[in-house]
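Hi everyone, thanks for making time for this one. Let me put the structure up so we can go through it together.

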Amino acid sequence: MGNLQICGCLLLFLAAAVLRSSAIVFAPADKYLLDCGATSPTTLDDRRVFLPDDCSSTSTSSFALLSSQDSTPVEDPNPSTAAVSDLYRTARIFSAPTSYRFRIRDRGAAHLVRLHFRSFSSPSHNLSAARFHVVAGRFVLLSNFSLVSVDGGPLLKEYIFTVESDYLVITFAPADASSLAFVNAIEVFSGPTDLISDLAWSEADNDYKNWGLSGQALETLYRINVGGAKVTSFNDTLWRTWKADDADFLKSGISTSRTVAFSGRVNYREGGASREVAPDHVYATSRVTDSNLTWVFHLNPGYKYLARMHFCDIVSLALNQLYFDIMINGKVVYDNFDLSKATDQSLASPFYIDFVVRLDNTRFLTVGISSSRLGFPANNLGLLNGLEIFKINNTVGSLDGTVLAHEILEDHTKGNFFMFLRSLLCGFTFISLIAVAFMLVQWLRTETRSPVAWLPLPVDAEERKLMREIPITSGKTVQ
């Protein structure tokens, strides 16, 4: 009987473990992976399969390539010259505004859109000369964009925004009549509910404030695994890549800090940060300091930015021993931050804070931590596990410039209308000229077939009498 009870407990434990593991696996309701210009599927190292972008339009209503007659698939004629993924060996180019339309099942959820670019030259096109706009829904993602890459390497642009309608339309529009647009691959998939929150910390209010972030578009600029190595898409449930915080970003405090790796289990709490917010590899490593640490990022002025700082106390042996200050642009925006209190008195439990910052007169954003005087003397440390920087769209709904989305689309619509009108007028003029020429030829032919005869002038009776009386003489003059 005891053995049966033990077996039953083991089965219940295993069943609970299976249910728990299955519960943490994120499966997006919307998921589109397109290898643009390809003729067969492409499998990446993270086991994701990208399908050709022209096959789904005929087999399902979930995805469609609109105005496909204005697009052309191209392939890199020298793929061996660059050690890049097969995803970048093909592309689709657009000579006129062309749209991809995706059916959305998870309406009202935040969606991630990733655009992959890599320029190459084919016998008919040079992608490095492309200049174009990209519009997604009501947001301008790129304006007058051109890919400038010294090493010919790929470029990934990631965006996050909520989709409220049944369809998401992404339009690629050449900047002018002499240019073209292109894209190598597209990802569109829905994110978890806790990915973007409307609340972010307000320095003025010293508390959280509703910034309405779920109604805006974000562009991912930096994603750093602080204190750890690079995290690839294979180890991230949302297939993100996290860079290491090397000398490119960490500008002060390197000599007075150390990295810490946690071998235990990260304690994800219900209602707290999930693995979709950041993976285990981010929360299980950190950089700690007993003085100051500062990271510097180069940004464009005139926009608001979201700085997301990830924390997980993997260094304390007891609760309420870790206090530190958080700094933005050299100013303390959160003093004496108590990580134990923020995580409901839990150790090794993930937590993040969003800060909204506006840059007007500077191109640099600095983010830092500093140990606090309230910290336990033997553990007077500050730490950071991960850091993300997002650009927030401006007041006209653009992440790149001041042109509205509908203006870009309307300009091309007007341009197409005027081109049609001009073609119509030219055609009418040409037909009119042909008609005039035909009528002229017909008239000339009629005149040739009916020659004019010279008739004598009419003469009355008196004139005839005078003519008979006048003698006819020779035309010679007699001297």
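Let's start at Arg92, which stands opposite Val183 in β13. Keep in mind as we go that this is a predicted model. The strand on the other side of that pairing is β6, residues 90-94, and β6 and β13 run antiparallel to each other over 3 bridges.

Now zoom out a little. Which strands make up this sheet, and in what order? There are 3 of them, ordered β5-β6-β13, in an open sheet with antiparallel pairing. The edges belong to β5, residues 71-75, and β13, residues 181-183; each has a single partner strand, so one side of each is left without a neighbour in the sheet. As you step from one strand to the next, the twist averages 25 degrees.

Next, for those of you who like empty space, the cavities. How many cavities of 30 Å³ or more does the structure hold? The count is 1. The largest cavity takes in about 40 Å³ of space.

So who lines it? Going along the chain, the lining of the largest cavity is made by Leu112, Ile160, Leu195, Ile196, Arg223, Arg240, Arg308, Glu388 and Phe390. Sort those lining residues by character and you get 5 nonpolar and 4 charged, with no polar ones.

And where does the largest cavity sit with respect to the domains? Domain 1, 27-195, and domain 2, 217-392, both give residues to its lining, so the largest cavity lies between them.

That's my tour; happy to rotate the view if anyone would like another look.

Methods:
Residues are numbered from 1 along each chain as its sequence is written. This is a predicted model: local features need pLDDT of at least 70, side-chain atom pairs count only at pLDDT 80 or more; totals for chains, interfaces and linings use all residues. Side-chain values use heavy atoms; hydrogens and water are left out. On a 1 Å grid over the protein atoms alone, a cavity is a set of points where a 1.4 Å probe fits but cannot get out, and a pocket is an open set with protein on both sides within 12 Å along at least five of seven lines; lining residues have an atom within 4 Å of a point. Grid points are joined across faces, edges and corners, and a volume is the space filled by probe spheres set on the points. Ala, Val, Leu, Ile, Met, Phe, Trp, Tyr, Cys and Pro count as nonpolar, Asp, Glu, Lys and Arg as charged, and the others, Gly among them, as polar. Domain bounds come from an automatic or database domain assignment. Two strands pair if DSSP finds at least two bridges between them. Helices (H or I, at least four residues) and strands (E, at least two) are DSSP runs, numbered from the N terminus. Axes are lines fitted to C-alpha atoms, for helices over the stretch in contact, and angles run from 0 to 180 degrees between N-to-C directions.
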